Amino acid sequence: MDILITGVSSGIGWGLSKYYLSKGDTIYGVSRRIPKDLMKYPNFKHLSTDLSKLDKINANFQPFIRSITSLDIVVLNAGILGEIKDLKEQSIEDINSVMDINVWSNKVLIDILTKSIINIKSIVAISSGVSVKGNRGWGAYSISKASLNMLIQLYAAENKATNFYALAPGLVDTDMQNYLCSDKLNTTLFPASQKLINARNTDLMPSPLKAGELLANGILKLQKLPSGSFEDIRKMV
C-alpha cells in the first residue's frame with residue numbers, strides 16, 4: 001500500500017510507520033524532525049515541514065506529492081496537547097495555537113491532497129476520546145479534537161470518492177505522557193490524569209510500536225463503517 005502519515009518522528013505516527021514499513025508498504029512521512037531510524041528504509045519518503053505555518057504548507061507539499069498518483073490511506077496524526085488547565089485560564093491565543101495544528105493544518109492538507117491526488121481511498125484523522133468527553137483541564141485539546149471529528153464528517157459529505165474517518169487511538173505511551181503523568185499536574189483538580197498514571201507501564205497503555213499494529217488493524221476495520229464515522233480503537237478490539 002501507499003500511505004501518507006503526518007507526525008512520523010515519534011509516538012503514534014512513528015509506530016504506524018514502523019509497522020507499515022515492516023509489511024513492505026511505502027510510507028510518505030511528514031514531520032518537523034527527521035526520523036533517522038525510518039530513513040534507512042528504501043520505501044520511506046520524508047518531508048520535513050512545520051505544519052503550524054499554515055501559509056507554507058501548500059508550497060512545501062506540492063514538490064513532495066508531485067509524483068504520487070494514488071494513496072491507499074492518509075493518516076492525519078500530527079497534533080499537540082497544549083497545557084492542562086481550566087478553560088478560563090486558557091487564552092484565545094493558546095487555544096488558537098492548538099487549533100492550528102490539530103484542526104486547520106488538517107483542513108489545508110485535505111484540500112491539497114484531494115485536489116492534487118485523484119485517487120485517495122481513505123483519510124483517517126487521529127482524534128481522541130476526550131473529543132466526546134469533557135474532562136476538566138483538557139479544554140483546548142478537547143475542543144480541537146471535537147472540531148476535527150466534525151471536520152471529517154463534513155468532508156465525508158462533500159467527497160464521496162474517498163472514505164473519511166476519525167479514530168481515537170486509546171492510551172499510548174508517547175512523549176505526551178511524560179507531562180500528563182508527571183507531578184506537575186494536580187490529580188485532585190484534574191482527575192483524568194490519575195487514570196493515565198495508573199495505566200502507564202501496563203497493557204492499558206501500549207508502546208508506540210505495539211500501538212502501531214493495533215491502530216493499523218483498526219484502520220482496516222474502519223472501512224466497514226460509514227464514511228464520516230468517529231470510532232474509538234478500544235471499542236474495536
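The exercises below treat pockets, an aromatic pair and a strand in a predicted model.

Residues are numbered from 1 along each chain as its sequence is written, and side-chain values use heavy atoms, with hydrogens and water left out. Local features need pLDDT of at least 70 and side-chain atom pairs pLDDT 80 or more, while totals for chains, interfaces and linings use all residues.

**Exercise 1.** State which residues lie nearest the centre of the largest pocket, and describe its lining.

Solution.
- A pocket is an open set of points on a 1 Å grid over the protein atoms alone, where a 1.4 Å probe fits, with protein on both sides within 12 Å along at least five of seven lines; lining residues have an atom within 4 Å of a point.
- The volume, the space filled by probe spheres set on the points, is about 1300 Å³ for the largest pocket.
- Its lining has 47 residues, and Gly79, Ile80, Tyr141, Thr174 and Met176 lie nearest the centre.
- Elements that give two or more residues to this lining include α1 (11-22), β2 (26-31) and α4 (92-116); helices (H or I, at least four residues) and strands (E, at least two) are DSSP runs, numbered from the N terminus.
- By class, 20 lining residues are nonpolar, 17 polar and 10 charged, where Ala, Val, Leu, Ile, Met, Phe, Trp, Tyr, Cys and Pro count as nonpolar, Asp, Glu, Lys and Arg as charged, and the others as polar.

**Exercise 2.** Classify the ring pair of tyrosine 28 and phenylalanine 64, and place both residues in the fold.

Solution.
- Rings of Phe, Tyr and Trp (its six-membered ring) pair if their centres lie within 6.5 Å; planes under 30 degrees apart count as stacked, over 60 as edge-to-face and the rest as tilted.
- The structure holds 5 aromatic pairs.
- With centres 6.0 Å apart and planes at 80°, the rings of tyrosine 28 and phenylalanine 64 are therefore edge-to-face.
- Because tyrosine 28 lies in strand β2 and phenylalanine 64 in helix α3 (residues 57-65), the pair ties together parts 36 residues apart in sequence.
- Tyrosine 28 is buried (under 20% relative accessible area, 1.4 Å probe, protein chains only), at 13%, and phenylalanine 64 is buried, also with 13%.
- Ring pairs link Tyr28, Phe61 and Phe64 into a cluster.

**Exercise 3.** Determine which strands pair with β4 (residues 70-76), and how far β4 is covered.

Solution.
- Two strands pair if DSSP finds at least two bridges between them.
- Strand β1 (residues 2-6) runs parallel to β4 over 3 bridges, with isoleucine 5 bridged to valine 75.
- Strand β5 (residues 119-126) is also parallel to β4, joined by 6 bridges; here isoleucine 73 stands opposite serine 122.
- In β4, 6 of the 7 residues are buried.

Key: Buried means under 20% relative accessible area, exposed over 50%, partly exposed in between (1.4 Å probe, protein chains only).
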